[in-house]
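Visitor: Could you walk me through how to read a few features of a model like this one?
Guide: Gladly; let us put it on the screen and go feature by feature.

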Amino acid sequence: MEDETGSAVYKLGDIFRASELTRVKSNCDTGENELFSQQFYKWQKPGYQPLYLYSIIDHANAGTSSNVGIAKSLDKFFESDYSSALMDLRALDADYNDITCTFDL
């Protein structure tokens, strides 16, 4: 999922139907035009349990990469048993201070 031009990087819309995704606002969102972009979503399809997702796109010197996480609740992303060294999810404010992420469902 990495590419120097960003043209071959998968985005959330490549994996899920847009009609099944609802954007969830958070104080941990970052702008889509930033070098590091992070947003949250709810996936809902009739007859299925809703799932929650984060989508990250990181434009670094070595190329562009994307990361998508899926869980049964948004809070699950920030629990210690869920996190790993490879997960790029951030809980920071604009001044890079640690914060508790909140979500507007």
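**Pocket, cores and a loop residue**

Guide: Let us begin with the largest pocket, which holds about 260 Å³ of space. Keep in mind that this is a predicted model.

Visitor: Which residues are closest to the centre of the largest pocket?
Guide: Those are T30, F36, R90, D93 and Y96, out of 14 residues that line the pocket. By character, the lining divides into six nonpolar, four polar and four charged residues.

Visitor: Next, how should I read a nonpolar core?
Guide: The general idea is that in soluble globular proteins, nonpolar side chains tend to be buried together. Here the largest nonpolar core has 13 residues, and F40, Y54, L74, F77, L89 and F103 touch the most other members.

Visitor: Which elements give two or more residues to this core?
Guide: Strand 3 and strand 4 do, and strand 4 gives the most, with three residues. There is also a second, separate core of six residues, with L21, Y41, W43 and L53 among them.

Visitor: Where is Q49 placed?
Guide: Q49 sits in the loop between strand 3 (36-43) and strand 4 (51-60).

Visitor: Why does Q49 count as partly exposed?
Guide: Partly exposed covers values between 20% and 50%. Q49 has a relative accessibility of 46%, so it falls in that class.

Visitor: And what is Q49 in contact with, leaving aside neighbours within four places in sequence?
Guide: Its contacts are W43 and K72. W43 also belongs to the second core. As for K72, it is 23 residues from Q49 in sequence, with 8.3 Å between their C-alpha atoms.

Notes. Residues are numbered from 1 along each chain as its sequence is written. This is a predicted model: local features need pLDDT of at least 70, side-chain atom pairs count only at pLDDT 80 or more; totals for chains, interfaces and linings use all residues. Side-chain values use heavy atoms; hydrogens and water are left out. On a 1 Å grid over the protein atoms alone, a cavity is a set of points where a 1.4 Å probe fits but cannot get out, and a pocket is an open set with protein on both sides within 12 Å along at least five of seven lines; lining residues have an atom within 4 Å of a point. Grid points are joined across faces, edges and corners, and a volume is the space filled by probe spheres set on the points. Ala, Val, Leu, Ile, Met, Phe, Trp, Tyr, Cys and Pro count as nonpolar, Asp, Glu, Lys and Arg as charged, and the others, Gly among them, as polar. Helices (H or I, at least four residues) and strands (E, at least two) are DSSP runs, numbered from the N terminus. Buried means under 20% relative accessible area, exposed over 50%, partly exposed in between (1.4 Å probe, protein chains only). Contact means heavy atoms within 4.5 Å. A nonpolar core is a set of buried Ala, Val, Leu, Ile, Met, Phe, Trp, Tyr and Cys residues joined through side-chain atoms within 4.5 Å.
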